[in-house]
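Visitor: I would like to learn how to read a model like this one. Can we go feature by feature?

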Amino acid sequence: MLSWQYTQRTVSIWTLPGRMKNVAFTAAPEHVARLALCRRGESDLLFRDGM
């Protein structure tokens, strides 16, 4: 699952070994605003075919 920190432009991700914190992301200001408006649900991180 992902946890977004929009103002710091970081995410926190649960992985098999544990939580990864302060993972930086980049986006245009209008995209960050859109993300903030659509906060619902969850995302799953997949490992498939070595990727």
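Guide: Start with the vocabulary. Helices and strands are DSSP runs, at least four residues for a helix and at least two for a strand, numbered from the N terminus. Keep in mind that this is a predicted model.

Visitor: How many helices and strands are in the protein chain?

Guide: The chain has one helix and three strands. From the N terminus on, the order is β-β-β-α. The C-alpha atoms fill a box of roughly 35 × 20 × 20 Å along the principal axes.

Visitor: What share of the residues counts as buried?

Guide: Buried means under 20% relative accessible area. Of the 51 residues in the protein chain, 16% meet that mark. The accessible surface comes to about 4600 Å², and 58% of that surface belongs to carbon and sulfur atoms.

Visitor: How do I describe a pair of aromatic rings?

Guide: Use the distance of the centres and the angle of the planes. The structure holds two aromatic pairs. Tryptophan 4 and tyrosine 6 are stacked, 6.1 Å centre to centre with 5° between the planes. Tryptophan 4 also pairs with phenylalanine 25, this time edge-to-face, at 5.2 Å and 85°.

Visitor: Which parts of the chain does the pair of tryptophan 4 and phenylalanine 25 tie together?

Guide: Tryptophan 4 lies in strand E1 (residues 2-5), and phenylalanine 25 lies in the loop between strand E3 (19-24) and helix H1 (29-37), so the pair links parts 21 residues apart in sequence. Trp4, Tyr6 and Phe25 form one aromatic cluster.

Visitor: Is each ring residue of that cluster buried or exposed?

Guide: Take them one by one. Tyrosine 6 counts as buried because its relative accessibility is 15%. Phenylalanine 25 is buried too, at 17%. Tryptophan 4 is partly exposed, with a relative accessible area of 29%.

Visitor: Now a polar residue. Where is serine 12 found?

Guide: Serine 12 sits in strand E2 (residues 10-14). At 7% relative accessible area, serine 12 is buried.

Visitor: Which side chain does the side chain of serine 12 join in a polar contact?

Guide: The partner is arginine 19, in a polar contact of 2.5 Å. Neighbours within four places in sequence aside, serine 12 is in contact with Met1, Leu2, Ser3, Gln5, Arg19, Met20 and Lys21.

Visitor: How far apart are the mean positions of the positive and negative charges?

Guide: They are 9 Å apart, for 7 positive and 4 negative charges.

Notes
Residues are numbered from 1 along each chain as its sequence is written. This is a predicted model: local features need pLDDT of at least 70, side-chain atom pairs count only at pLDDT 80 or more; totals for chains, interfaces and linings use all residues. Side-chain values use heavy atoms; hydrogens and water are left out. Buried means under 20% relative accessible area, exposed over 50%, partly exposed in between (1.4 Å probe, protein chains only). A polar contact is a pair of N or O atoms within 3.5 Å; within protein, one must be able to donate a hydrogen and the other to accept it, and residues adjacent in sequence count only if both atoms are side-chain atoms. Contact means heavy atoms within 4.5 Å. Rings of Phe, Tyr and Trp (its six-membered ring) pair if their centres lie within 6.5 Å; planes under 30 degrees apart count as stacked, over 60 as edge-to-face and the rest as tilted. Accessible areas come from the Shrake-Rupley method with a 1.4 Å probe; for residues, only the protein chains shown count as cover. Lys and Arg count as positive and Asp and Glu as negative; His and the chain ends are not counted. The place of a charge is taken as NZ of Lys, CZ of Arg, CG of Asp or CD of Glu.
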